[in-house]
Amino acid sequence: MDDARHMREALRLAAQGRGCTSPNPAVGAVIVSDGEVVGRGYHEHYGGPHAEVNAIAEAGSRARGATIYVTLEPCCVWVNTPPCVDAILRAGIGRVVAATEDPNPRVSGRGISELRGAGVETEVGLLREEADELIAPYRRFCDTGLPEVLLKLAMSLDGRIASPPGGARWVSSEPSRERAHAMRGSCDCVMVGIGTVLADDPLLTDRRPEAVRQPARLVLDSDLRTPLDSALVRSAGEVDTVVACAGDAPADRQSALEKRGVRVWRSAGAEGRLDLEEVLRHLARDGKLDIISEGGADVACSLLESDLVDRIAFFVAPTVFGPGGLPAFERLGPGWWERSRRLRDVRWSETGRDRLLEARVCRPSTAPESPEGSLTCSRAS
């Protein structure tokens, strides 16, 4: 069916903006006139024109009377750019096919209503599931004020995320590490714990040749132990780097990090610990809605116990490390299994010699709360 084919192209276009548009969603648009595609566009980066505007610009006068396929309901509010609904009406587009509604309460349903009220034939729901998956971080923020968190781990068959002392440096294969870099590249921020920084001195960048931008980096470091000569601190002037610490962390350490270009956030967690949910909310307010956690076992268990994981990506290597290896989930409390969430949309794939498990974590089907400051989730330029 032509409608589905054109919407799939719009979804492919939208995916090209992932990692570059937050706090806006990734959106794609295709304009078709007399069976011919005359305009294509996607939201390329935050601060740039929206998908509909780019597609209309390419179509020019051929947009009049045409159909536009757009992966998200056109916006109807003026933030930093005029509403896309207005651009569609000015272009004389005759039909709008939107994949899904905008979850932002300032927009949801209003864009569709304005188009229909102006006499534009408008349909909603084509390939909705694919479109909803694409904007999942944006929807999570609109619903809760939190970003979406992907928990990524590489582990052995017996659930160890590091080999015994003196063993192999890498758990996963090179193709798996390449895939992990692609995951970084599509996210807004890479999050790790201080244990990972001290043990591995990681750079946490997307080192693929085709990488066009680098995600921000966040270290969970209650006592500000991040070494000043670490790879993260040395490169803080080139890549946005944040260290989240407890409220009573040493002020002199904060000053030393900040002088080297690191941003330091203090958390109001109890007993010298970080409040993970507060840190994640701070990330969302900072415009980072799509987070990948590559921290060690402590961070993974804390996120799982706090019900803050939305997706998982587990690279499972065909090896056994035994009791000398570092277990991934040993810290989970005895009652965690009863509280644990089931997985959905489970997918297995091969990455070199490894197997990759990807899935979404199910959440209780309760009505979402409208977060304080939720108006900041509106699509802006």
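User: Why is the crossing of helix 3 and helix 4 called right-handed?

Analyst: Happy to start there. Helix 3 passes helix 4 in a right-handed crossing, the term for a near helix turned clockwise from the far one by less than a right angle, while anticlockwise would make it left-handed. This is a predicted model, in which local features need pLDDT of at least 70 and side-chain atom pairs count only at pLDDT 80 or more, whereas totals for chains, interfaces and linings use all residues. Residues are numbered from 1 along each chain as its sequence is written, and side-chain values use heavy atoms, with hydrogens and water left out.

User: What makes helix 3 and helix 4 roughly parallel to each other?

Analyst: Their axes cross at roughly 20° and come within 10 Å. The axes are lines fitted to C-alpha atoms over the stretch in contact, with angles from 0 to 180 degrees between N-to-C directions. An angle under 35 degrees counts as roughly parallel, over 145 as roughly antiparallel, 65 to 115 as roughly perpendicular and the rest as oblique, so helix 3 and helix 4 are roughly parallel. On the helix 3 side the contact (heavy atoms within 4.5 Å) is made by Val85, Ile88 and Leu89, and on the helix 4 side by Gly111, Glu114 and Leu115. By class these are four nonpolar, one polar and one charged residues.

User: How do you know which of those residues is the polar one and which the charged one?

Analyst: From the classes: Ala, Val, Leu, Ile, Met, Phe, Trp, Tyr, Cys and Pro are nonpolar, Asp, Glu, Lys and Arg are charged, and the others, Gly among them, are polar. Glu114 is therefore the charged residue and Gly111 the polar one.

User: What relation do helix 2 and helix 3 have, and how do you know?

Analyst: The axes of helix 2 and helix 3 come within 9 Å and cross at roughly 20°. That puts helix 2 roughly parallel to helix 3, and their crossing is left-handed. Glu52, Val53 and Ile56 of helix 2 meet Cys84, Ala87, Ile88 and Ala91 of helix 3. This contact divides into six nonpolar, no polar and one charged residues.

User: Which residues of helix 2 are buried, and what do they pack against?

Analyst: Helix 2 covers residues 51–59, and its buried residues are Ala51, Glu52, Asn54, Ala55, Ile56 and Ala59. They pack against strand 1 (28–33), strand 2 (36–42), strand 3 (67–70) and helix 3 (84–91). Helices (H or I, at least four residues) and strands (E, at least two) are DSSP runs, numbered from the N terminus. Just after helix 2, Gly60 takes a positive phi of about 60°.

User: Why is the pair Arg95 and Glu121 called a salt bridge?

Analyst: Their N to O distance is 3.7 Å, and the term asks for a side-chain nitrogen of Lys or Arg within 4 Å of a carboxyl oxygen of Asp or Glu, so the pair qualifies. The two are 26 residues apart, Arg95 in strand 4 (residues 95–98) and Glu121 in strand 5 (residues 121–124). The whole structure has 31 salt bridges.

User: Why does Arg95 count as buried and Glu121 as partly exposed?

Analyst: Buried means under 20% relative accessible area, exposed over 50%, and partly exposed in between (1.4 Å probe, protein chains only). Arg95, at 15%, is therefore buried, and Glu121, at 46%, is partly exposed.

User: What makes Asp310 and Arg140 a salt bridge, and where do they lie?

Analyst: Their closest N and O atoms are 3.1 Å apart, within the 4 Å limit. Asp310 lies in the loop between helix 12 (297–305) and strand 13 (311–316) and Arg140 in helix 6 (residues 136–144), so the pair ties together parts 170 residues apart in sequence. Asp310 is buried at 4%, and Arg140 is buried at 13%.

User: How do you know whether Trp265 is buried or exposed?

Analyst: Trp265, in strand 11 (residues 263–267), has a relative accessible area of 9%, so Trp265 is buried. Leaving aside neighbours within four places in sequence, its contacts include Leu218, Val242, Cys245, His282 and Asp286. The C-alpha atoms of Trp265 and Val242 are separated by 7.2 Å, with their places 23 residues apart along the chain.
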